[in-house]
Every structure is written in structure tokens, then in C-alpha cells.
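Subject: Structure for you to look at

Hello,

Here is the structure I said I would pass on. Please open it alongside this message.

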Amino acid sequence: MEAPSKPTPAIQYLPPSREAVQAFAQAVCAALAQTRNDPALESKESVKGLTHFLEVVTRIQAQYLSATNGELIDTETKSE
């Protein structure tokens, strides 16, 4: 008789910290400003807007992955 399998614990995904998102947004805006030779792209408003957008996107993605219990992630072990 097989032992009952333990239920897989729910995986909870968390979005990155505000500081991490803001640092990423700052780097992206700085790179765009340099690439396009447009200093306005590095303004506080641009960085703030991109930061808010990325925070919304990362929260939605974390909630989605948590709700689907990570079904998109390969959790099966592979044997040779």
C-alpha cells in the first residue's frame, strides 16, 4: 500500500522591493537618455512613471503566479 502523498505547499510569489524596482527604472531611464541623447528621459517624472508602471506589472505577475501555484514553472525532477 502506498503512503498518501503530501500536498504540495502553495508557492507564494512576491514582487521585487520598491527600491529594486526604482533602481532598475533609474538605470533604464539613464540608458534611454544616453542612447537617444534626450536628458528629459532621465527626469524624476520619467523615473517615477516607469517605477509605478513596473510595480503594477510585477504585482500582477506575482499574484498570477501565486494564484496558479506556479504551474508555469517546471517542478518535475528529471531522471537520466
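Below is what was found on how two helices pack and on the salt bridge between them. Please keep in mind that this is a predicted model.

Helix packing

Two packed helices are described by the angle between their axes and the distance between the axes. Here, helix 1 covers residues 18-35 and helix 2 covers residues 44-67; the angle between them is about 130°, and their axes lie 9 Å apart. Helix 1 is therefore oblique to helix 2, since the angle does not exceed the 145 degrees above which a pair counts as roughly antiparallel. The crossing of helix 1 past helix 2 is right-handed.

On the helix 1 side, the contact is made by R18, V21, Q22, F24, A25, Q26, V28 and C29. Their partners in helix 2 are S46, V47, L50, T51, H52, L54 and E55. By type, the residues of this contact comprise eight nonpolar, five polar and two charged.

Salt bridge

How many salt bridges does a search of the whole structure find? The search finds one. It joins the side chains of R18 and E55, with an N to O distance of 2.6 Å. Because R18 sits in helix 1 and E55 in helix 2, the pair ties together parts that are 37 residues apart in sequence.

Are the two partners buried or exposed? R18 has a relative accessible area of 42%, so it is partly exposed. E55 has a relative accessible area of 11%, which is under the 20% cut-off, so E55 is buried.

Regards

Terms used
Residues numbered from 1 in each chain as written. Predicted model: local features only at pLDDT ≥ 70, side-chain atom pairs only at ≥ 80, totals over all residues. Heavy atoms only, no water. Axes fitted to C-alpha atoms, helices over the stretch in contact; angles between N-to-C directions. Helix = DSSP H or I, 4+ residues; strand = E, 2+ residues; numbered from the N terminus. Parallel < 35°, antiparallel > 145°, perpendicular 65-115°, else oblique. Left-handed = near helix turned anticlockwise from the far one by under 90°. Contact = heavy atoms within 4.5 Å. Nonpolar A, V, L, I, M, F, W, Y, C, P; charged D, E, K, R; others polar. Salt bridge = Lys/Arg side-chain N within 4 Å of Asp/Glu carboxyl O. Buried < 20%, exposed > 50% of the residue type's maximum accessible area, 1.4 Å probe, protein only.
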